[in-house]
Amino acid sequence: MFGGKIGAPEIILILVVVILLFGAKKLPDMARSLGKSARILKSEAKAMKEDKSSTPADPPAPEEPSAQRTIQAAPGDVTSSRPVAEPTDTTKR
């Protein structure tokens, strides 16, 4: 009964239910935020893979406390990049 393939009528029914639940005005915003989240996830996964493959023998030198970095949400997305100040950690580890 439920083990069949999903065809055009089922997909249309699902889309109608989604539009009724969320409204047509919110769907583009939801799709945009989902795409942005997917790009961020992809770039973070790529960065983790690169970090794992190229582990340095010596730890990097600590940066100056007053130095600022730019955090960018996704590659090519310059609208959300902003300079941030690194938190100063006064505790010894």
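Helices here are DSSP runs of H or I with at least four residues, strands are E runs of at least two, and both are numbered from the N terminus. The model is predicted, so local features need pLDDT of at least 70 and side-chain atom pairs count only at pLDDT 80 or more, while totals for chains, interfaces and linings use all residues. Residues are numbered from 1 along each chain as its sequence is written, and side-chain values use heavy atoms, with hydrogens and water left out.

**View 1. The whole chain, laid out as α-α-β-β.** The protein chain has 2 helices and 2 strands. Out of its 93 residues, just 4% count as buried (under 20% relative accessible area; exposed is over 50%, partly exposed in between, with a 1.4 Å probe and protein chains only). About 8,900 Å² of the chain is exposed, and carbon and sulfur atoms supply 64% of that (Shrake-Rupley method, 1.4 Å probe; for residues, only the protein chains shown count as cover). Take the contacts with a separation of 6 or more: residues 24 or more positions apart account for 20% of them (contact means heavy atoms within 4.5 Å).

**View 2. Helix α1 and the glycine that follows.** With 15 residues, α1 reaches 21 Å from first C-alpha to last, close to the 21 Å expected at 1.5 Å a residue (the expected span is 1.5 Å times one less than the number of residues). Just after α1 comes Gly-23, with a positive phi of about 85 degrees.

**View 3. A nonpolar patch on the surface.** Leu-13, Val-17, Leu-21, Phe-22 and Met-30 make up this patch, and together they have about 490 Å² of accessible area. Patch residues have over 30% relative accessible area and no salt bridge; nonpolar side chains (Val, Leu, Ile, Met, Phe, Trp, Tyr) are joined within 5 Å, like charges within 9 Å. Helix α1 (residues 8-22) is the biggest giver, with 4 residues. One of the patch members, Leu-21, sits in α1 and counts as exposed because its relative accessibility is 63%.

**View 4. The salt bridge between Asp-29 and Arg-32.** The structure holds 1 salt bridge (a side-chain nitrogen of Lys or Arg within 4 Å of a carboxyl oxygen of Asp or Glu). Here the Asp-29 and Arg-32 side chains meet at 2.8 Å, N to O. The two are about one helical turn apart, because they lie 3 residues from each other in helix α2 (residues 27-53). An α-helix has 3.6 residues a turn, so residues three or four places apart point the same way. Asp-29 is partly exposed at 47% relative accessibility, whereas Arg-32, at 52%, counts as exposed.
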